[in-house]
Structures are given as structure tokens and as C-alpha cells.
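Me: I've got a structure open and I'd like to learn how to read it. Can you walk me through some features?

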Amino acid sequence: MKPGIVLFLGAIRRGEFESLLGRGIPCGALIDNNTKLHLPDLARFQVVEYFDFQRPEAELLAKLQEMQTEWGLVCLINVVEHYVAACSRLAEKLGLAGVSVDAAHLCLDKLAMRQRFLERIGPQATGRFQEIQSDDQLRAFAAQAGFPLVLKPTNLSASLFISLNPTLDDLLASYHRMTVEVPRYYQQAAQGDKNLVIQAEEFMAGSNHSIDCWVDTAGGCSTTPVVDVLTGADVGIDDFHHFARIAPSDLSREEQAEASRLALAGVRALDATTAIGHVEFIQTPTGPKLLEIGARPGGNRIRILEMTFGIDQIYAYYQILCGKSPVVEPLKEQPTAIVTPFPRREGILRSFRDLERLQDLPTYSYREVRSRIGQRVGLAKNGFKAPLYIELTAGTRDQVRRDVDRIASWTDLIEVQ
């Protein structure tokens, strides 16, 4: 009888697997040939294979069945939004635990998700929203909800193609641009099976935050500490990309407790079990409001929760998939930030100017370049991801925040032409 391996599906990043290896848990990976994520060193994995995830899913299932026969699969772990749907279907067909296909669908469809929040929690849980299929619908919603308005595709993550529109002219221009550029992005990103659905939302003023919820097979749930998020808009850039994640949170204990209750209600509204639900919310003057929930650990949350609180989230995910019920237990509090700067404009990446100044920051811990010189880069609203990743840590949150602000002030850090 094979002892079995934990198989990471699709893609994986630094900080998302090391603790499993440290605990002596054998790991493997089936990597998508099409992924553009920066892959770490996987030399300690039992097996690393590659597969074209654009091939029919029946072929991918056959490949996994072959690996299951050869290695034994304890569970499938997915940490990337793009593979949530496939992972849920494949785990079910392989007889492995995972989030249900229906819950995965709700987590991937922002329109259906918002509708479920409305039905099961109430209109106070989130902002007003509407699917948009024409200029006339857009004008009508704008007349009802007022400006500014947010426009987004319903089935992408990482703030891709999300725009904030202060006027009707801006709104219509963003809508027309999305109808052309998003289908093109689907093809370029090996997501040609997706269809564009556009959603308009009222802009909820406030600060951006996230909580991850650990949900066992029976629906028992616990929440991680709140992580604060600075978006591009918070540092003077017209974009919703996540510029920095900072922990511990600056919210009061009462605000964090209220947000945790709302996060739990959101995950339960989507019937998400045997999963980690990544809950994003806005802390408004009248309380927290749900933005969206992902059926996988939040990007960079595994790493920042470990650095700040000593919380081993990837091990908890493994335990959940093995039928256990882990409880969040912070072991320390070490202020930390993960910063992902974007260029101020779109163009060809020419250089990262004077990266050595990062190492001179009092809180500097680590950096990683994630784009190549000569590659096209830009903002999330135009379909791009961060070309640079930075970790900061210090004895106080104020020290960390000061260095986050310093990095934000370096407008020449990423040079494009």
C-alpha cells in the first residue's frame, strides 16, 4: 500500500508548500504548461510533472489517475484561482475530498456570489450590483446607484480589468474596452473556455481587508486574523491591484470580530465546506461589507500568516482535506508586509532601478523578481500582474508601514518604455 503524496495542482509559489515538507509529508506537483506564475524550486518533491491544462479535462483526469496508481494521492491542493473549478471536479472524480463543484462555481461567479449574499444574509452584507449587457443597462444602473462605479468581469481574480469610473463617459469607455480586451486576455492566458460577463457595482468607500476561513467537511469554521490591504488607489495609482498586505490589522478588536462574523456568514451562504474560503471585505463607516470570496487560500496569505502569527495555513488545508478540523492558533505577533509594486504605466520592462535600496530598508527581509526584462508590464486593470515581490518585517507595525510607504514613493522603481 503506497503511503501517498499531497499533489499540488496547476501551479505553486514560494511559501505555499515548505511546511508540509518540513513535517515529513511527501509532496508532488502537476504543473500547467501554460502557467505564467513564478515557480519555486521543487527539487524536494517526490514527483513533478507537467501537463497542458488546455487539453480536454478527460485527458487531465487520466493523467491524475495514472499518478494516483503510481504514487497514491492523499489529496489535491490548489492555491490558485484559475484551477478552482477543475480541482473541485477532478477531486470528486478521483474520490478525494475537496470543495463541492456547486460551491466552487459560486465562488468563481461574482454575480451569482453577490446574489447569494443578498438572498441569505441580506442587502446590508454587500453593495448594490448588476449584470451589464448593454450601454443602456449601464446608464440605467448609473442613474440608480450614482458615481463612482466599479466595473469588473465576473470570473477573474487579482483585480484584473477592474476599473473605478467617476463619470458616465469613463464608465462607457471602460465597458467598451472590456468587451474587447478581456476575451483577448482569456485566449492569451489559456482560459479560452471562459465567457465574458460584466458586472457593475456601487463603490464602497472604506479600507480593504481580508480574512481566510478554515471550513471542515461538516461545515465547522474558524477564521484567521484580519490582514489589511493597500490597493493601488491607496498609494496614488488609478488601479485596484493589491500593492501591499500588512498584518497585524489596524482595525479595532471590535471591528475585527464583526468582520469575522460576516466572513463566516459569507462562506456559509455559499455552502463552502472542505475548503479554505478567502474573504475580501471593505470596512465602511457603517461596518464591514463583503466584496468576494475565493475557494482557496488567499494569494500571499499562507506566507503572511506564517510570518506574522506563526499560523501554518497550508498544513491546516492539508488537515481539512484529510477530514480533520484544525483551529486557528496564533503563536506570535511579528508585524509583516508583503509588497507587490506595479509600474505606473504600461510598457516594456527595461529595468528594476536600484533594487539595492530595498535592502537598505530597516524592515527588508526578501525580494523576488517575477517578470523578465523585455516583457510587457502594466496595471491590473489592463490585465497585468505584479513584476516584483517584497517581504518586510519588524518589531512594530509602524516600522513596517513606514517602509511600505517608502516603496510606494519610489515611482521610478520599475522602469518601462
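Reply: Sure! Let's start with a cut-off: a residue is called buried when its relative accessible area is under 20%, and exposed when that is over 50%. Keep in mind that this is a predicted model.

Me: So why does glutamate 391 count as buried?

Reply: Because its relative accessibility is 0%. Glutamate 391 also has a partner: its side chain meets that of arginine 303 in a salt bridge, 2.9 Å from N to O. Arginine 303 sits in helix H9 and glutamate 391 in strand E19, 88 residues apart.

Me: What's the general idea behind such pairs?

Reply: Side chains of opposite charge can pair when their charged atoms come close. In this model the count comes to 27 salt bridges.

Me: Which parts does the pair of lysine 152 and glutamate 292 tie together?

Reply: Lysine 152 is in strand E6 and glutamate 292 in strand E14, so the pair ties together parts that are 140 residues apart in sequence. The N to O distance is 3.8 Å, and both residues are buried.

Me: And how do I read two packed helices?

Reply: You describe them by the angle between their axes and the distance between the axes. Here, H6 and H7 pack at about 140 degrees with axes 11 Å apart, and their crossing is right-handed. Leu138 and Ala142 are among the H6 residues making the contact, with Leu171 and Tyr175 among those of H7.

Me: How many nonpolar residues does that contact have?

Reply: Six, plus one polar and two charged residues.

Methods. Residues numbered from 1 in each chain as written. Predicted model: local features only at pLDDT ≥ 70, side-chain atom pairs only at ≥ 80, totals over all residues. Heavy atoms only, no water. Axes fitted to C-alpha atoms, helices over the stretch in contact; angles between N-to-C directions. Helix = DSSP H or I, 4+ residues; strand = E, 2+ residues; numbered from the N terminus. Left-handed = near helix turned anticlockwise from the far one by under 90°. Contact = heavy atoms within 4.5 Å. Nonpolar A, V, L, I, M, F, W, Y, C, P; charged D, E, K, R; others polar. Salt bridge = Lys/Arg side-chain N within 4 Å of Asp/Glu carboxyl O. Buried < 20%, exposed > 50% of the residue type's maximum accessible area, 1.4 Å probe, protein only.
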